[in-house]
Amino acid sequence: MKLLGVAVGVAVVGVLIGFYISSYLVGNTPAFRPKATGAAGARTVNLTIQTVAAVGPSLASNHPDWVSYLVRNNQGRWERSTVWTLPANAIVHVTIYNFDGASGLRNPFLGQPQGLVGKEIVDGKPLGALPPDQPSHTFAIPELGVLALVAPVGDAAKNQCNYAPCTMAMAHRTMTFTFRTGKKGHYRWQCFVPCAAGFVYGFGGPMQTIGYMDGFVNVV
Amino acid sequence: MSTTVVETHRPIWRRLIGFNLLTGIVFGVVGYYIGWFIGHHITGASVAYFSGIDQNDISVTLGYLLGVGGFLIGLGFGVYPWARIRGYPPSLREKETQGASRYFGLCTDHKVVGIQYMIGIGLFFFIGGLNAMLIRVELLRPASQVFPAGQYLTLVGMHGTMMMGIMTSAILGPFANYFVPLMIGARRMAFPRIESLTFWLLMAAGAILTTTIFFGGFPTGWTGYEPLNSQANTGMDSYLVFFALVGISMCLLGLNMLATIITMRAPGLTWSRLPIFCWGVVSTAILNLLAAPVLIAVLGMAVFDRTVQTTFFNPQGGGSPYLYQNLFWVFGHPEVYILALPGMGIVLEILPVFARKPLWGYRLAVSGLLGVTLLSWLVWQHHLFVSGINSDLRPFYMLSTELISIPTGFTFLCGLMTLWRGQIRFSVPLLFSLAWFFNFLIGGLSGVFLSDVPSDVTTHGSFFSMAHFHYTIMGGLVFAFFAAIYFWAPKMFGYTLNERLGKIHFWVMFISFNSTFAPLFAIGFLGQPRRTVTYAQHLQFLNDWVSISAFILGGSMLIFLYNFVYSLLFARIRAPQNPWSSVSLEWQLPTPVPLHNFDRIPVITGEPYGYGSPGIAAIPAAGPAGGSA
Amino acid sequence: MSSQPRSVEGGPAHGRRFLTAWLVLSLILSPLVAIYLGPAIPPGNGSVEATGQVFDNEVLVTFATPICIFVVLFLLYAVFSFRSRTVEIVDGPPVRGDSRIQIAWMVVTTVAVLALAAFGSYELLVDGAGGGQGPNAAFLPAGHSQAMDVQVIGQQWEFTYRYPTLGGLETPHLMLPANTLIRLHVTSLDAIHSFWAYQLGVKADANPGTDNIVYVTTKGPRSFDIHCAELCGLWHGYMFDTGQVVEQSAFTAWAKQQQTYFAPVAKYLPAYSTTYLPDPQRRAG
């Protein structure tokens, strides 16, 4: 009788421990692997990203008002994933459609693109540097030395996007740039524009959560 | 005045109605939602202003606070104040029933509170330990991402916060509450209801901290440094409320201990005859009482920074992050001595019993404990040596920190000389006490490294300081905790814990503990900072070694759990009244200890460690259980 | 100990035996530790301050060796020699203390602690030992008035570096000239970070609104690891970098190249200052 009670107790504790551990495992967005072309060692990858002011309840029920990146998956639909798997020693062409307004940088130095192959093109024109109050977001992989700016949608623009996913008909800016992945590794990427409304220094909330303004680049 | 309640066979649902844990939980949940609702309506408009933040710290904080209030009312803590408000005279209500239901509510019997503490602290210790195992799983490979980076930080913070908050009462809670009245010849503690309150506050706090992950966790580690604190998600509020409640619990616990030991000693028990464990309790209680309010104050300021946009700690609003760091460590340093001093008291209490000699250098040991208490207030800035504090002050803090090793050394001298030329009898409590000396030696010496400013530049914020405090806190406090459990379990529970399992537990724990934390010194010297989710590739072998050892260390806890459950539920070998043949007062009482402890308050005529002197004889180990006092 | 109030009948002079064993072991092991273990302690000789830290750690570990041996040997000796050899419980002698031993212990430990504190203060005085000293550094190395200023800006989650002597140039990587005394100004834009240049033996917290000064004298060319040593949020563990110490000529060439590369953003940089409190404090929409 006692043995049964202890066995039940152990089982209950085991379930609770499993529940506890699993509560820490949530929050991983699924990894996305864009299709790569070209031979091994000289691959090319196209990555298309959308930045939105608010991710919306359909894509993130617990944080519908947080800013986020969406990536266009291999089926052509927008999904919220900030963990991307890229091949090593590859050329990555990135296109960013930005639907969000300006927030501004905390450190103006980060207004100039770094570590790219060639220049960053914003709406067809090469970018030197953005004034510090202009950037809407940045896309940065510090370990690879990559930093690209995301130019803002003007405050007075018509037909702004409220919730993701946004369509090309809405007001947006287009950025294209290219970077090289190097050796295999596990690199983090982040945004340097403090765009998290309401948080101290704008760096809380989505700025500190993988799946919104932070993620990983797994180079394999 | 006591009321006797006769145990009738009422149906179970009727027995559940009343002030108890279940009612407490129900009222607590209701209280949470009331608080949440109020917070939501106070800040509705400002939440819209800060749109995009998707969190309402006022709601959550108020929810927690009113939840705790509801919890305490449900347990029955409101009954006596309400009676007094209505004009009833002071009374001391006690539940006279000897049933297990006493353990699930407000009970004013200090022995019940002691056992409640032991189970409650054990529960949260295991949760904190589980977090540690998960941390080590994450650190098995540099590039692994078992847990998302943000959740990893919450794991680290949860582990540290849970341990630091719960283990401060690890010895004062179970053992001081149970045994201080028995050792000083009293029938109860000075404030029995407050005693129970400290326990239930701690349980509420632990439950609140466990819910942090559902609010997003917190990224600051147990120290909660600003401004990162203000930046964090709602999970940070769990941390702030947890620590504030722990602070209140600590303060009241210290108050109770001091009041009891100062005012309720039996006739003849002068200060120079007080058992050294009680001196350890006194010195810890002084720190509890005085340091906890500083913690509550600084956490309150942090709550205001987070909720109503004050800027105590934000330089852009005129505040300073240094303010938080200094206030926190004014509490934080005495806090670690709150962790260390009871351990010293325990091992000095246990050694005479097993060396069969009086405690060597009693007065020196007492001055060692009190010296640590005094000096612990003067050292806190050694946590801030490279943070940009006033440069000239650092040699002073280096000196004061190194001076603390002198009174600590007194404990070592007295303990070691007690063993000298003794008649040492091995037992599991003695093994843990001996291990305490070894672990605290390593911990203390590494503390000397950290107190030396040039050496601190190398090791601050690295795994070296982690190894240091794990050696002193886990190697010191936790080993002393187990020594105390094995030592006093026969009296507390009336059953013997299996000795062979206990020895296996000790050896597995001691070896795996050293194997886990000794390499951390090297890892720190080799440049790995604390609280990092990734590390340099060349450190992987050492990290793996540490992780595997940590899993074995966790396993040793399971051995203990098995022993505990098996001995108390299945083997049930009745313990003799005085299995260790101790001459100490608590062992002269029968097992189980009667409800009012002593039939007649004893008169103390001699000093507490009379081993070797003629005429002093304890009731022998083989004597009958349940003799008269 | 050979003189107690009631000495044990017969038996060897345990005290003398123990002290002799301790002395012998210490005399053997301490020099071995000092010669072999001490110099191997990190962080190595990447800078003058790092060398000073290595020496400091050497002294401490040599000092700690006899203390460690004392306690461990004592425990082992006591546990083996004084085990009870009878089945029934026999008490030991009721020795409650010996004031001569207590006084000797107090004197020895106090002297040891004071000596260590004096030694540590001296090491600190010489050159600041590579630690952050706040805006009013008190421990200044010789020649500090000619030190080259370099600013380290910590932000979530990257360090950037500014060179006031190069017109306020800001760069994402740290280059330092060899064999130069450098005054680092460490500050933060947001949370508390900590600039830890491992091989240079430099550690200084980056506190927002504060200028934390730390002196480092570089030696020959090398690379060094930079880690953030204070939990600053999500990517604290990934806030690392590699810095370089290069010859003066290489440094000047690098500086020119960086100025050209970052010319587009140079006009947007704020004037060089020891602290920065950029807007905003709390974003609203």
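Here is a short tour of the chain contacts, the domains of chain C and one of its sheets.

This is a predicted model, where local features need pLDDT of at least 70 and side-chain atom pairs count only at pLDDT 80 or more, while totals for chains, interfaces and linings use all residues. Residues are numbered from 1 along each chain as its sequence is written, and chains are lettered from A and ligands numbered from 1 in the order in which they are written.

**Contacts**

Two residues count as in contact if their C-beta atoms, placed from the backbone, lie within 7 Å. On that basis, the contact between chains C and B takes in 84 residues of chain C and 83 residues of chain B. On the chain C side, α2 (48-81), α3 (99-127), β6 (193-197), β7 (202-206) and β9 (222-228) each put in at least two residues, and α2(C) gives the most, with 14 residues. Helices (H or I, at least four residues) and strands (E, at least two) are DSSP runs, numbered from the N terminus.

Chain A meets chain B through 24 residues of its own and 26 residues of chain B. Here helix α1 (residues 2-25) of chain A gives the most to the chain A side, with 7 residues.

**Domains of chain C**

An automatic or database domain assignment sets the bounds: domain 1 is 14-81 + 101-130 and domain 2 is 144-266. Their centres, taken over C-alpha atoms, are 35 Å apart. Contact between them involves 12 residues of domain 1 and 14 residues of domain 2. α2(C) again turns up, with the largest share of the domain 1 side at 4 residues.

For the class make-up, Ala, Val, Leu, Ile, Met, Phe, Trp, Tyr, Cys and Pro count as nonpolar, Asp, Glu, Lys and Arg as charged, and the others, Gly among them, as polar.

| Side | Nonpolar | Polar | Charged |
|---|---|---|---|
| Chain C, touching chain B | 44 residues | 30 residues | 10 residues |
| Domain 1 of chain C, touching domain 2 of chain C | 3 residues | 7 residues | 2 residues |
| Chain A, touching chain B | 12 residues | 10 residues | 2 residues |

**The sheet**

In chain C, 5 strands make an open sheet of mixed pairing, ordered β4-β10-β9-β6-β7; strands pair if DSSP finds at least two bridges between them. β4 (175-177) and β7 of chain C are the edges, each with a single partner strand, so one side of each has no neighbour in the sheet. β4(C) runs parallel to β10 (residues 240-246) of chain C over 3 bridges, and Met175(C) sits opposite Gln244(C) in β10(C).
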